Amino acid sequence: MSTRPNVVLMVADDHGREALGCYGNPAVKTPHLDRLAERGVRFTTSFCTTASCAASRSTILTGKHNHANGTYGHTHGAHHFRAFEDTISLPRLLNEAGYHTACIGKKHFAPLSVYPFATDLGDEYDRDDVRMSEHCRGVIDGEEPFFLYWCSHNPHRGGGVLASHPTKPNRFGNPESAYPEDAEEYFDDDDVIVPPFLPDSAEVRAELAQYYQSIARLDRGVGRLLDILEAAGKLENTIIIYISDNGAAFPASKTTLYEPGMKLPCIVSSPFHGNRGGTCDGLVSWLDLTPTILDFAGVPTMPGSFHGASFKQILATPHPTEWREEIYASHTFHEITNYYPMRVVRTQRHKFIWNIAHPLTYSFASDLWDSSTWQGALRDGRELFGARTIEAYLHRPRFELYDLENDPAEIENLADDPANRRLVAEFCARLKRFQAETKDPWLHKWEYE
């Protein structure tokens, strides 16, 4: 049996950090993820770099911003966004290092030649994450060190609407009846916790109840995989990382680079580190996942290979001081019709957003526009959607600057305050430098538009 550590990377689909027990939500039921946090480290300032499924997954598996790897938006066949053929990915590097690489569940990356997992365990499990975990036994029981890329479709929207409910919420993939070897957990509309970025309406509560149910099923799949690792005697030699590709599939979260869309759960369970059950407040992003996993696996890398860096060194440190001061985010497309490029720099205190397409009305993902959450707000003539006005959500200025310490909801835009002129100029300079270093094609927008 290999002494090199195994690695499991779990990626949920649209799971916001406001809906986990270990991140402070007592209403949603996530006992297995909470258990993972108890035996690992929970990051408190961890971010995707783009709040859209395919683009985010491209950064996870390459360590490069999506504008640099070519995945500008969804990889749907008609859209044809995909990584450049010469992109070097995590599975390729781990294959070359002697790891057995395997993927299961949602892919949403392309082309497959860039992501050459040695074993593809398929994506025919629907929303049955317990069954998906069961199909990982062969990989886990093998003699080789393994990298398992475990990707749930939960809690993404899907499955139509719950017609029997007066508000007709989306089902979030919840089945009519429980899958074999599983038991559904149900939530009452009155018991959910409405996060500040959403209005407290009947439609929102109904959809959150369905969202929680989907998360609970995801959590049971996580629990089954942990049990399988333990039964195989592999748990104490396996690094387990749990993240979500982007925030919850609600307006003001997914596809935005406001905090609900990009500030996400990151739980890392490593048997080789202290601080178990603790937290780390170092700024990390999904660009760091590929270099971190390679670091755990003992795979050497060349300087400059990635836009991220390994955070292995700070796992046991609750408040790392010699670490980065900022992270960057880059969003361009969701679906091909959703063009709204943004570039962001985020420090511990501030967030600065450059809305490159700011004269345009903010472009909705189709499922978010159709949601009863959004349509209910329009029907009721609401001025506010959560703490933000609907007008401010739809029509954004060129620059947005927020003091996250005093304004965590990102409502008071400070960019036009003359007192912040120097700070805005500094953030613009940082973004230009970042774009130049990452060969961002949208860099020319500063000069020509």
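What follows is a short conversation about strand S16 and its sheet in a predicted model.

Modeller: Happy to help! In this predicted model, local features need pLDDT of at least 70 and side-chain atom pairs 80 or more, while totals for chains, interfaces and linings use all residues. Residues are numbered from 1 along each chain as its sequence is written, and side-chain values use heavy atoms, leaving out hydrogens and water.

Colleague: Thanks! How many residues of strand S16 are buried?

Modeller: Strands (E, at least two residues) are DSSP runs, numbered from the N terminus. Buried means under 20% relative accessible area with a 1.4 Å probe, protein chains only. One side of S16 has Phe 399, Leu 401 and Asp 403, the other Glu 400 and Tyr 402, and all are buried. For residues 399-403 the count is five of five.

Colleague: Which residue in S16 is the bridge partner of His 350?

Modeller: Strand S13 (residues 350-355) runs antiparallel to S16, joined by five bridges; two strands pair if DSSP finds at least two. Lys 351 stands opposite Tyr 402 in S16. For His 350, the partner is Asp 403.

Colleague: Which strands stand at the edges of the sheet?

Modeller: The open sheet has four strands in the order S11-S12-S13-S16, with antiparallel pairing. Two of them have a single partner strand each, so one side of each is left without a neighbour in the sheet: S11 (326-333) and S16.

How values were computed. Buried means under 20% relative accessible area, exposed over 50%, partly exposed in between (1.4 Å probe, protein chains only).
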